[in-house]
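The following report describes a protein chain together with its ligand. The account moves from the overall fold to the ligand site and then to the salt bridges.

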Amino acid sequence: MEDEDCPDLVPIGTDGAEQTDASPGRKIPVTIITGYLGAGKTTLLNYILTEQHNKRIAVILNEFGEGSALEKSLAISQGGELYEEWLELRNGCLCCSVKDSGVKAIENLMQRRGKFDYILLETTGLADPGAVASMFWVDSELGSDIYLDGIVSVVDAKYGLQHLTEEKPEDLINEASRQVALADLIIINKTDLVSEEELNKVRTSVRSINGLVKILETQRSRVDLSNVLDLHAFDSLSGVSLQKKLEHVKTTHAHLDKAIITVTFEVPGNIKEENLNLFIQNLLWEKNVKDKTGCTMDVIRLKGLVSIQGKSHQVIVQGVHELYDLEETSVAWKEDEKRTNRLVLIGRNLDKETIKEVFIATVREEQGNS
Ligand SMILES: Nc1nc2c(ncn2[C@@H]2O[C@H](COP(=O)(O)OP(=O)(O)OP(=O)(O)O)[C@@H](O)[C@H]2O)c(=O)[nH]1
Ligand SMILES: [Zn+2]
């Protein structure tokens, strides 16, 4: 990789703040804050910055996914004080080659100014957070200083329902639904503007898309920060909490043909890692898994805990769009425990029976002893 391709981040002023880099080896979490136009993302960011006094938080405001501006500002909060850095990007934007250069740019800045403890990234209201997420997720595996902690979606209590049901041309999934489908935490904001009944409708609609997500309701995005930061939603640390969640997933039925829903299934026994890979790749890459009517199953998010042959611990499966990852958790299968595989899929054209059959068939096929 050529250094030339990486944008430079140039901090404004040379007499920067003191560096408070305590633990150089530690990785820095990135939380993606997404949500439709005007839902309350910036309000949430500002709230976090004013509430959180002991973390050095870097904020990337609003610019990922937009490719025009030549400079980006990076607001940094430390000890309750806000100051701003400008990122001067040689090739114009942070997003055009985000995968390498966006992360690299953040790393460069940290080298010059000392590490942050935390990075918050606000996407634009129409962004596909999956694209942004995959950039940080992949890079974490390449020895980056940064890792993806979670995706938080803010939903407007008043207009959210309208956004979620908006029909897009050519069968596209609307942005609001995608943001909800991908989220690890949903904040339904502006509850002051709606009646209890309206709020129920929004909540039901959010839940029908994402049966796994935690939902909070707020005014002015005021939320207990322990619910937002350090979720570890993408790493094996989330294995323990995922286990509990998987037992209580709210599976939903499509009330509309094209609705995004959550399905879950369980298949007992041990599976081979290569067979699981095959199943996931058919689903996410080959896209050759179809529902009963012949429509391709369209998976936006996938999570699961599985039992892989030869592994003593539960393995967590994570998928976002076409990326996925298997990682052994710290949870060991007990001697007398029934080994099992639980998967949750969020997407379109998902029908539980078919997908379970396909899973079983794929797992069995290659064992050659069915
Ligand atoms: N009534 C009410 N207004 C709110 C609430 N939270 C935020 N707002 C207002 O809603 C507007 C949009 O809030 P932002 O935080 O800028 O929303 P955003 O998601 O960052 O918006 P974009 O970046 O433009 O997509 C602002 O005028 C806020 O003051 C709330 O709980 N109730
Ligand atoms: Zn904003």
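The secondary structure of the chain consists of 9 helices and 13 strands. The model is a predicted one. Of the 370 residues in the chain, 53% are buried. The accessible surface of the chain amounts to about 17,000 Å², and carbon and sulfur atoms account for 47% of that surface. When contacts between residues at least 6 apart in sequence are considered, 76% of them join residues at least 24 apart.

**Ligand site**

Ligand 1 is surrounded by 16 residues, of which Lys41, Thr42, Thr43, Asp192 and Arg220 come nearest. Sorted by class, this shell holds 4 nonpolar, 7 polar and 5 charged residues. Helix 1, which spans residues 41–51, supplies the largest share of the shell, with 3 residues.

Oxygen atoms of ligand 1 lie within reach of polar side-chain atoms from Thr43, Glu122 and Lys190. For Thr43, an N or O atom of the side chain is 2.4 Å from a ligand oxygen. For Glu122, the corresponding distance is 3.2 Å. A polar side-chain atom of Lys190 is likewise placed 3.2 Å from an oxygen atom of the ligand. Taken alone, ligand 1 exposes 650 Å², and the protein buries 71% of that area.

**Salt bridges**

The whole structure contains 13 salt bridges. Three of them are listed below with their N to O distances.

| Acidic residue | Basic residue | Distance, N to O |
|---|---|---|
| Asp230 | Lys55 | 3.6 Å |
| Asp156 | Lys190 | 3.3 Å |
| Glu196 | Arg203 | 3.9 Å |

The side chains of Asp230 and Lys55 meet in a salt bridge. Asp230 belongs to the loop between strand 8 (214–217) and helix 7 (239–247), while Lys55 belongs to the loop between helix 1 and strand 2 (57–64), so this pair ties together parts that are 175 residues apart in sequence. Asp230 has a relative accessibility of 36% and therefore counts as partly exposed. Lys55, at 21% relative accessibility, also counts as partly exposed.

A salt bridge also joins the side chains of Asp156 and Lys190. Because Asp156 lies in strand 6 (residues 146–156) and Lys190 in the loop between strand 7 (185–189) and helix 6 (196–209), the pair ties together parts that are 34 residues apart in sequence. Asp156 has a relative accessibility of 4% and counts as buried, whereas Lys190 is partly exposed at 23%. Lys190 thus appears in two settings: its side chain meets Asp156 in a salt bridge, and a polar atom of that side chain lies 3.2 Å from an oxygen atom of ligand 1.

In the third pair, the side chains of Glu196 and Arg203 meet at 3.9 Å, N to O. Glu196 is exposed, with a relative accessible area of 51%, and Arg203 is partly exposed, with a relative accessible area of 26%. In addition, Asp171, Asp298 and Arg348 are joined into one network by salt bridges that share partners.

Key
Residues numbered from 1 in each chain as written. Chains lettered and ligands numbered in written order. Predicted model: local features only at pLDDT ≥ 70, side-chain atom pairs only at ≥ 80, totals over all residues. Heavy atoms only, no water. Near = heavy atom within 4 Å. Polar contact = N/O pair within 3.5 Å; in protein donor to acceptor, adjacent residues only side chain to side chain. Areas by Shrake-Rupley, 256 points an atom, 1.4 Å probe, with all protein chains shown as cover. Helix = DSSP H or I, 4+ residues; strand = E, 2+ residues; numbered from the N terminus. Nonpolar A, V, L, I, M, F, W, Y, C, P; charged D, E, K, R; others polar. Buried < 20%, exposed > 50% of the residue type's maximum accessible area, 1.4 Å probe, protein only. Contact = heavy atoms within 4.5 Å. Salt bridge = Lys/Arg side-chain N within 4 Å of Asp/Glu carboxyl O.
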